[in-house]
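Dear colleague,

I am handing over the structure we spoke about, with the sequence and coordinates placed directly below. After that come my notes on what was found in it, arranged by region so that you can follow them with the model open.

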Amino acid sequence: MPELEYNLSEAVVDYSPPMRGVLSSILGMLTPHDCVGVSKSRYGRLFDGGYVMADDFDGVSAAYSLGISNDVSWDLDIANKGIKIFQFDHTINQLPAHHPLFVWERTGIAPNASEPGFKTLAEVVNANSPSIDRDLILKCDIEGHEWPVFATCGSDVLSRFRQIVIEVHALHALLNDRHADLIRRAITNLSAHHHVIHVHANNYGSWAIMGGVPVPTVLELTLLRKDRGVFQDSTTEFPTSLDMPNCVSRADFPLGRFRF
């Protein structure tokens with residue numbers, strides 16, 4: 001799949017008032033919520049590769065892990081709960097570790113399957129999980145390609161995931177109208193049936209100033225489906241005690257309540 005043009009040539013500093021409106025309308029959809037009575041824990045390895053998730057796994061039949069590289073620590077933690085994991089990554093020749101519940105395919109995930117070696121999210125889910133199964137988990141870290149994938153993925157597919165963990169990249173692309181529209185469509189689809197319940201900045205990225213507001217260029221988001229309980233706006237200050245900096249030699253990025 002061709003590389004997406006997210007390395008913008010313009011400086012990632014913008015103080016224009018219109019940009020503040022763009023942030024509010026797009027990133028405002030990611031306002032963190034608490035699901036009343038639902039606890040959270042960290043899954044995956046320490047520092048880079050671990051994610052904070054809701055402790056809501058009863059009845060989950062399968063998980064989908066998009067993007068593996070050299071780390072299956074999250075996959076192992078989920079598999080050790082007895083959950084089968086379908087794994088997809090076209091950039092590796094073999095998994096770095098194995099588990100009886102791992103099912104890996106050397107396939108990339110794309111918004112369409114017009115290229116050899118790629119499938120859509122709908123294709124892999126429909127091929128591996130019965131249509132009546134609406135309690136799946138998704139983990140996605142596909143290095144910027146998440147935007148076109150989720151911008152074109154229908155709610156009939158996304159609503160099947162009880163919980164979604166996703167790393168989103170290149171938020172400074174909001175400075176470009178074309179990319180901003182792509183990101184808006186992706187976040188609209190992701191938030192149609194889910195609330196963000198946790199947010200963490202990946203400090204391997206940087207800060208961008210947009211509309212005079214500092215925004216991390218890379219975020220880790222956890223979303224929980226809206227039918228999983230009663231939700232309320234979170235008063236949590238991020239990062240939390242469950243979080244760790246991805247880069248151990250740099251301080252974690254403070255996000256406050258992550259409001260726009």
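Which residue in β10 is the bridge partner of L136? The partner is F161, and I begin there, with the reminder that this is a predicted model. Strand β9 (residues 136–140) pairs with β10 in the parallel sense, over 5 bridges, while β10 also pairs with strand β14 (residues 219–225), in that case in the antiparallel sense and over 6 bridges. In that second pairing V168 stands opposite L219 of β14. Strand β10 itself, which spans residues 161–168, is mostly covered, with 8 of its 8 residues buried.

F161 also belongs to an aromatic cluster, which it forms together with Y64 and F86. Y64 appears once more in the largest nonpolar core, a set of 53 residues in which Y64, L121 and F150 touch the most other members. Helix α6 (residues 177–191) gives this core its largest share, namely 6 residues. If you would like to inspect one of these well-connected positions, F150 touches L121, L138, C140, L158, I166, R185, A186, N189 and L190, where residues up to four places away in sequence are not counted. Separate from this set there is a second core of 18 residues, and Y51, M53, A63 and F102 are among them.

As for the aromatic rings more broadly, the count comes to 5 aromatic pairs. One of them is formed by Y43 and F57, whose rings are edge-to-face, with 5.2 Å centre to centre and 70 degrees between the planes. Why does this pair tie together parts that are 14 residues apart in sequence? The reason is that Y43 lies in strand β2 (residues 40–43), whereas F57 lies in the loop between β3 (51–54) and β4 (62–66). Y43 has a relative accessibility of 9%, and because the limit for the buried class is under 20%, Y43 counts as buried; F57, with a relative accessible area of 11%, is buried as well.

Another residue that you may wish to look at is D71, which is found in the loop between β4 and α2 (73–79). D71 is buried, at a relative accessible area of 15%, and its side chain makes a polar contact with the side chain of S73 at 2.8 Å. Leaving aside residues up to four places away in sequence, D71 touches R45, D48, G49 and P96.

Finally, some points of backbone geometry. F238 and P239 are joined by a cis peptide bond, with omega at about 5 degrees, and P239 lies in the segment after β15 (231–233). F47, in the loop between β2 and β3, has a phi near 60 degrees, which is a positive value in a residue other than glycine. Phi is likewise positive for E143, again a residue other than glycine, with a value near 55 degrees; E143 lies in the loop between β9 and α4 (146–151). In terms of accessibility, F47 is partly exposed at 32% relative accessible area, whereas E143 is exposed at 54%.

With best regards

Methods
Residues are numbered from 1 along each chain as its sequence is written. This is a predicted model: local features need pLDDT of at least 70, side-chain atom pairs count only at pLDDT 80 or more; totals for chains, interfaces and linings use all residues. Side-chain values use heavy atoms; hydrogens and water are left out. Rings of Phe, Tyr and Trp (its six-membered ring) pair if their centres lie within 6.5 Å; planes under 30 degrees apart count as stacked, over 60 as edge-to-face and the rest as tilted. Helices (H or I, at least four residues) and strands (E, at least two) are DSSP runs, numbered from the N terminus. Buried means under 20% relative accessible area, exposed over 50%, partly exposed in between (1.4 Å probe, protein chains only). A nonpolar core is a set of buried Ala, Val, Leu, Ile, Met, Phe, Trp, Tyr and Cys residues joined through side-chain atoms within 4.5 Å. Contact means heavy atoms within 4.5 Å. A polar contact is a pair of N or O atoms within 3.5 Å; within protein, one must be able to donate a hydrogen and the other to accept it, and residues adjacent in sequence count only if both atoms are side-chain atoms. Two strands pair if DSSP finds at least two bridges between them.
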